[in-house]
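This briefing covers cysteines, one helix and one glutamine. The topics follow the structure below.

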Amino acid sequence: MGIVAGLDSSSAFTRIVVCDTDTGAVLRQGYAPHPQPTGEGAGANKHETDPQAWLLSLGEAAGNGLLEGVQAIGVSAQQHGLLPLDAQGGLVRPALVGNDKRGQVAAADLIEALGGRQAWAEAVGSVPHSAQPLAKLAWLARTEPEAARRVAVLMSPHDWLVWQLLGRPARRTTDRGGASGTGYWSPATGSYRPDLVELALGHQALLPEVLGPADAAGTTPEGLLISAGTGETMAAALGLGLVPGDAVVSLGASGSVMAVHHQAVSDPGGLITSLADASGMHLPVVNTSNAVRALRGTAELLGTDLEGLSALALKSTPGAHGLVLLPYLEGERTPNLPLTAGTLSGLRRDSMKPEHLARAAFEGMLCGLVDALDVLRHRGVEIRRVFLLGAAAELPAVQAAAPGLFGTQVVVPAPADYAALGSARQAAWALGVAQGTLAPHTPPVWPAPSAQTFEPGEEFPAWQAVRQQYVATREQIHPGAFQGGTA
């Protein structure tokens with residue numbers, strides 16, 4: 001028996017869980033928000049931050065003896081972050097984090113410079129977008145050339161935190177999950193593309209060594225083992241215990257679909273972002289621009305909230321009396337229709353009732369996510385079970401419709417700190433390998449999270465008819481939106 005800790009440094013806070021290595025049972029927990037900047041101009045740009053704030057909240061979250069007896073720590077952190085360092089390891093400017101729209105033009109220029117979306121999909125499994133570290137790097141070179149010229153080392157938030165915990169050693173490390181989100185590491189080949197760094201920055205920079213899933217980044221002078229760490233998405237997948245055949249549908253304002261697969265998957269049109277996971281597998285991801293924002297917009301129109309919208313929707317029946325909502329309220333990424341708007345089709349006198357519009361909103365949102373699932377399915381990714389995440393996953397209208405529309409078992413896990421749990425599981429794995437009790441290719445087996453499970457029921461044919469009507473409406477209004485029948 002041993003004790004390990006998992007640390008998740010998100011965009012707003014640090015969470016720590018301390019777990020039993022054998023059972024995964026949570027023994028202790030810690031939490032602290034990141035301190036907010038003060039003074040003139042404080043918080044002027046939410047996409048720039050002093051990473052010292054991450055260390056301060058880490059120290060607060062770990063207070064009161066939380067880490068007493070801990071033998072190993074795993075670190076996960078927010079993705080899409082870039083820490084540009086000089087040759088001495090100091091920041092040349094504040095860290096760039098989040099979905100920073102300032103990089104949109106730089107991302108578009110990068111796409112063109114390499115020869116288009118397909119060229120990028122083949123090179124690194126993803127197409128540059130404004131949130132990506134590579135696009136941030138290109139933006140930096142374009143707008144702050146003096147700072148860009150001083151950049152000698154590139155790190156992600158989790159890389160930097162691991163480096164700090166180890167006392168800033170000469171060796172800098174990352175993991176394949178974190179590296180796969182940078183835009184300059186290929187999940188298919190398992191290697192960096194330094195030429196793409198030079199394309200964006202104008203010169204080469206040192207990149208962290210990519211560790212294997214069960215490798216240790218190092219040991220502190222006190223003997224505390226630090227595992228490789230990873231990004232939040234990969235840590236959450238490890239915390240959920242995902243295996244091949246599992247997919248995760250995340251319901252935020254926008255939506256995402258990812259699945260565990262045995263090999264890297266890309267799409268010539270760039271709809272798939274090919275990520276590596278924290279277990280040695282792969283996590284192809286498809287994003288949509290619209291998910292819960294379609295529900296919130298409909299709820300506001302009807303003068304209610306999400307819970308009220310769900311109750312209204314359940315007064316209707318599958319198919320919403322012929323109403324079909326294409327929920328492209330903010331344009332759309334899947335299909336690639338960035339300048340389009342949403343469409344409500346099938347209006348008749350008997351369908352113009354609040355409950356039918358509410359039902360159409362839920363069906364439209366979920367069918368948009370089925371489109372994303374089908375992008376993966378058509379690239380050979382098997383999906384036998386869907387984990388549904390986000391507060392909206394608890395809504396009865398979502399739980400009623402999702403199994404029939406997704407065409408598979410739907411699992412709604414109980415709320416938990418899955419990224420921190422995944423980090424702890426990674427720490428237990430690295431510790432077990434170091435002690436000779438675990439194999440480097442098999443993570444420790446921890447119990448599955450408690451969850452509700454929903455199966456497609458007797459109404460499955462009706463839900464598939466809803467799906468077919470949605471596809472027919474989409475094709476009528478946006479013909480060829482999915483070239484080659486991808487979805």
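Buried here means under 20% relative accessible area and exposed over 50%, with partly exposed in between (1.4 Å probe, protein chains only). The model is predicted: local features need pLDDT of at least 70, side-chain atom pairs count only at pLDDT 80 or more, and totals for chains, interfaces and linings use all residues. Residues are numbered from 1 along each chain as its sequence is written, and side-chain values use heavy atoms, leaving out hydrogens and water.

**Cysteines**
- Cys 19 counts as buried because its relative accessibility is 0%.
- Cys 367, at 1% relative accessibility, is also buried.
- With a disulfide defined as a pair of cysteine sulfur atoms within 2.5 Å, the count is zero.

**Helix α15**
- Helices (H or I, at least four residues) and strands (E, at least two) are DSSP runs, numbered from the N terminus.
- Helix α15 has 18 residues (460–477), and its end C-alpha atoms are 26 Å apart, in agreement with the expected 26 Å; that expectation is 1.5 Å times one less than the number of residues.
- Its buried residues are Trp 463, Val 466, Arg 467, Tyr 470, Thr 473 and Arg 474.
- These buried residues line one face of α15, because they fall within an arc of 125° seen down the axis, taken from the directions from the helix axis to the C-beta atoms.
- Pro 461, Gln 468 and Gln 476 are exposed on the face turned away from the buried side of α15.
- The cover over the buried residues of α15 includes β20 (324–326), β21 (343–345), α12 (354–377) and α13 (396–406).

**Gln 399**
- Gln 399 is in helix α13 and counts as buried at 12% relative accessibility.
- Beyond neighbours within four places in sequence, Gln 399 is in contact (heavy atoms within 4.5 Å) with Ala 393, Glu 394, Val 412, Gln 452 and Phe 454.
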